[in-house]
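Student: Could we take a close look at one part of this model? Please go slowly and explain the terms as you use them.

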Amino acid sequence: NKRLFEETGEKDYLNKSLKFYERGYYVGNDYYNGINLAFLFNVMSLIQEQKFEAIADFGNAIRIRKEILNICQKFIESKNWNDSDSDQKGWIYLTIAEGYFGLNLPDKEKTVLNEGDVYFTDFHRSSYSEQRSKLQSLLQKFGSKYPDV
């Protein structure tokens, strides 16, 4: 549904995608669903007709990113970290980096990208670059639409 929304712009797909990622995040308490949910709240913040709803969605994205950073940090500190494969470690580092980028903490984003670089494949890098570009566009548009926030 997330991709269908990107392709068609139909709000029904966005609403479905938001509900699915939200359910997955709250039930599974995992970084993958959470970082996608935060992104979708940023998308939603731009299509809301009411300023209050737009700001609330933007705030939800911020809140979830902060929670995701905690989830990822706890995972890194857990005994499961050593048992994780490089692919999973790469995604966790990229999730943290995206979280920092979405919270406007570029120095922390850069540090995490440097720390995790050993785990990144070309696919990791291209996926992150594409997602970061989309998020950057959303954040810039929100800032232009609501410069007083």
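Tutor: Let's start with the largest pocket of this predicted model, which holds about 520 Å³ of space. A pocket here is an open set of points on a 1 Å grid over the protein atoms alone, where a 1.4 Å probe fits and protein lies on both sides within 12 Å along at least five of seven lines. The volume is the space filled by probe spheres set on those points, joined across faces, edges and corners. Of the 18 lining residues (those with an atom within 4 Å of a point), Y32, N36, W91, S127 and Q131 are the closest to the centre. Helices α1 (2-8), α3 (31-47), α6 (86-102) and α8 (122-145) each give two or more residues to this lining, and α8 has the largest share, with six. Helices are DSSP runs of H or I with at least four residues, numbered from the N terminus. Sorted by class, the lining has eight nonpolar, four polar and six charged residues. Asp, Glu, Lys and Arg count as charged; Ala, Val, Leu, Ile, Met, Phe, Trp, Tyr, Cys and Pro as nonpolar; the others as polar.

Helices α3, α6 and α8 appear again in the largest nonpolar core, where α2 (11-28) and α4 (51-77) also supply at least two residues each. This core has 41 residues, and L37, I64, I68, I92 and I96 have the most contacts inside it. Its biggest contributor is α3, with ten residues. Such a core joins buried residues (under 20% relative accessible area, 1.4 Å probe) through side-chain atoms within 4.5 Å.

Take I92 from that list: beyond its neighbours within four places in sequence, I92 is in contact (heavy atoms within 4.5 Å) with Y31, C72, F75, I76 and W81. Two of these, F75 and W81, join Y93 and Y119 in one aromatic cluster.

The structure holds nine aromatic pairs, with ring centres within 6.5 Å. In one of them, W81 and Y93 sit edge-to-face (planes over 60 degrees apart), at 5.8 Å centre to centre and 75° between the planes. Here W81 belongs to helix α5 (residues 80-83) and Y93 to helix α6, twelve residues apart in the chain. Both W81 and Y93 are buried.

A word on the ground rules: residues are numbered from 1 along each chain as written, and side-chain values use heavy atoms, without hydrogens or water. Local features need pLDDT of at least 70 and side-chain atom pairs 80 or more, while totals for chains, interfaces and linings use all residues.

How values were computed
Rings of Phe, Tyr and Trp (its six-membered ring) pair if their centres lie within 6.5 Å; planes under 30 degrees apart count as stacked, over 60 as edge-to-face and the rest as tilted. Buried means under 20% relative accessible area, exposed over 50%, partly exposed in between (1.4 Å probe, protein chains only).
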